[in-house]
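Work through the exercises below with the sequence and the model side by side. Each task is followed by a solution in steps.

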Amino acid sequence: MATLLSRPVLPAADAGLPAVRRRETELAARLGDEYGRGLLVDAAGARVIDPRASLLRADGSPFTPRMYACLLLAVAVLPSVGARVTAAELDARVTALAGEAGIDPGAEGPLAWRRAVAEALLTLRAWGVVGEIDGGLSGYAEDGEDALLAVDAALARLLPLEGGAS
């Protein structure tokens with residue numbers, strides 16, 4: 001239970017997932033009764049659902065609305081990008097989708113947008129949805145140094161665009 005509460009997304013490769021699968025009914029009931037949360041388990045992994053929760057950055061500060069929008073847009077594009085993609089390509093796809101949604105990525109300047117996208121990708125990295133193969137997302141956020149990423153598309157599909165993931 002502690003693992004699920006501290007990590008809202010468990011990928012299929014996580015060592016704790018078999019125990020979650022074995023106890024899915026019990027854990028789902030307990031999460032609902034004690035914490036007001038739901039549990040989604042499938043072949044890609046497991047996800048705790050808490051629509052009331054705010055997403056927090058690694059430093060403990062809350063996501064800004066722009067970061068949250070970037071996270072949702074990234075989740076929307078990840079299943080279609082393939083197993084490997086660069087941070088710049090993901091940023092371009094998120095930016096294009098933002099434009100379609102009426103979000104002005106340049107409203108706060110290109111650096112602020114790139115940092116918001118990178119923060120969303122760092123969260124997805126923490127959840128095991130993306131991984132760094134070459135380069136890093138922190139470098140991409142600060143100076144635009146590209147990074148090659150691995151994408152777990154099946155796990156990305158486990159993150160619906162509504163309801164939150166923590």
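**Exercise 1. Sort the residues of strand E6 by face: which are on the covered face and which on the uncovered one?**

Step 1. Locate the strand: E6 covers residues 148–151. Helices (H or I, at least four residues) and strands (E, at least two) are DSSP runs, numbered from the N terminus.

Step 2. Read off the faces. Leu149 and Val151 make up the covered face of E6, and Leu148 and Ala150 the uncovered one.

Step 3. Keep the source in mind. This is a predicted model, in which local features need pLDDT of at least 70 and side-chain atom pairs count only at pLDDT 80 or more, while totals for chains, interfaces and linings use all residues. Residues are numbered from 1 along each chain as its sequence is written, and side-chain values use heavy atoms, with hydrogens and water left out.

**Exercise 2. Place E6 in its sheet: what is the order of the strands?**

Step 1. Find the pairs; two strands pair if DSSP finds at least two bridges between them. E5 and E6 run antiparallel and are joined by four bridges. E4 and E6 are also antiparallel, with three bridges.

Step 2. Check a bridge on each side. Valine 130 has valine 151 of E6 as its bridge partner, and valine 85 has leucine 149 of E6.

Step 3. Write the order. The open sheet of three strands reads E4-E6-E5. Its edge strands are E4 (84–86) and E5 (130–134), each of which pairs on one side only. From one strand to the next the twist averages 35°.

Step 4. Recall what holds such an arrangement: strands of a sheet pair through backbone hydrogen bonds, either parallel or antiparallel.

**Exercise 3. Find the helix that lies across E4 and E6, and give its angle to E4.**

Step 1. The helix is H5 (residues 87–100).

Step 2. H5 runs at about 80° to E4. Axes are lines fitted to C-alpha atoms, for helices over the stretch in contact (heavy atoms within 4.5 Å). Angles run from 0 to 180 degrees between N-to-C directions.

Step 3. Look at leucine 90. Beyond its neighbours within four places in sequence, leucine 90 is in contact with Val77, Leu78, Val81, Val85, Leu121 and Leu149.

**Exercise 4. Describe the largest nonpolar core: how many residues does it have?**

Step 1. Apply the rule: a nonpolar core is a set of buried Ala, Val, Leu, Ile, Met, Phe, Trp, Tyr and Cys residues joined through side-chain atoms within 4.5 Å. Buried means under 20% relative accessible area, exposed over 50%, and partly exposed in between (1.4 Å probe, protein chains only).

Step 2. The largest core has 37 residues, and those with the most contacts inside it are Leu78, Leu90, Leu121, Leu124 and Val129.

Step 3. H4, H5, H6, H7, E6 and H8 each supply at least two residues of this core. H6 gives the most, eight residues.

Step 4. Another core, of eleven residues, lies apart from this one and includes Leu4, Leu17, Leu31 and Val41.

**Exercise 5. Which elements do the buried residues of H4 pack against?**

Step 1. Among the buried residues of H4 are Met67, Leu71 and Val75.

Step 2. The buried residues of H4 pack against H5, H6 and helix H8 (153–157).

**Exercise 6. Examine the salt bridges: how many are there?**

Step 1. A salt bridge is a side-chain nitrogen of Lys or Arg within 4 Å of a carboxyl oxygen of Asp or Glu. The count is six.

Step 2. Arginine 93 and glutamate 89 form one of them, at 2.7 Å, N to O. Both lie in helix H5, four residues apart, so about one helical turn separates them. Arginine 93 is partly exposed at 32% relative accessible area, and glutamate 89 is partly exposed at 34%.

Step 3. Glutamate 142 and arginine 115 form another, at 2.9 Å, N to O. Glutamate 142 belongs to helix H7 (residues 137–143) and arginine 115 to helix H6 (residues 110–126), so this pair ties together parts 27 residues apart in sequence.

Step 4. Glutamate 132 also forms a salt bridge with arginine 125, their closest N and O atoms being 3.0 Å apart.
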